[in-house]
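Reader: Got a minute to walk me through this one?

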Amino acid sequence: MKKRKAQLHYDDDLLSFIRANKKQLYWLAYSYVKNEQDALDIIQESIQKSMRYYDQLMEKEKLKSWFYKIVVNTSLDFLKKNRNLPTEDDTLLFLTPSQEDHYENIDLQQALSTLPTKYREVVILRFFEDMKIEEVSYVLNENTNTIKTRLYKALKLLRIELQEEEGE
């Protein structure tokens, strides 16, 4: 009986995290699939996976990066299975709405949409999800130096893209 109560407590912690971060999780999935319904399906599947494997998470303080990793992997699996599905317009806002301004900088949105996925996801996780380099590395299952290199390259590409847009 005590084991059941402990499991419910852990589930409450997980559910509290999901409720508190539902918008960010949705926008993370949406940034991959660019489709509202698919993003919702990915979140639902991610929640199911997290509930199934929550007891295997040894370091509960890493819940955020662990759950984000599930969302990223579920999104990538979805894209692999559904390569030929049409996506919505890339100019739609796909960044997380965690700040109040909702990222109304259209030039930045368009510049981000031109980045290859491996660069865009690093920028989104690092700057819009406010994750540390080590957390981004964990979520994307990459070496920390690889993440730093991708981030540097992404920022360089964004700078070039934004300068070109200013010049037009």
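Author: Sure, here are the basics, then one helix and a charged patch. This is a predicted model, where local features need pLDDT of at least 70, side-chain atom pairs count only at pLDDT 80 or more, and totals for chains, interfaces and linings use all residues. Residues are numbered from 1 along each chain as its sequence is written, and side-chain values use heavy atoms, with hydrogens and water left out.

Reader: How many helices and strands are there in the protein?
Author: Eight helices and zero strands. Helices are DSSP runs of H or I with at least four residues, strands are E runs of at least two, and numbering starts from the N terminus.

Reader: What share of the residues is buried?
Author: Buried residues make up 40% of the 168. Buried means under 20% relative accessible area, exposed over 50%, partly exposed in between (1.4 Å probe, protein chains only).

Reader: Switching to H6. Which residues are buried there?
Author: Tyr 119, Arg 120, Glu 121, Val 122, Val 123, Ile 124, Leu 125 and Phe 128.

Reader: And Thr 117, also in H6: how is it classed by accessibility?
Author: Thr 117 counts as partly exposed because its relative accessibility is 35%. Its C-alpha atom is 7.9 Å from that of Tyr 32, 85 residues apart along the chain.

Reader: What follows H6?
Author: Asp 130, with a positive phi near 55°.

Reader: Now contacts. Of those between residues at least 6 apart in sequence, what share joins residues at least 24 apart?
Author: 65%. Contact means heavy atoms within 4.5 Å.
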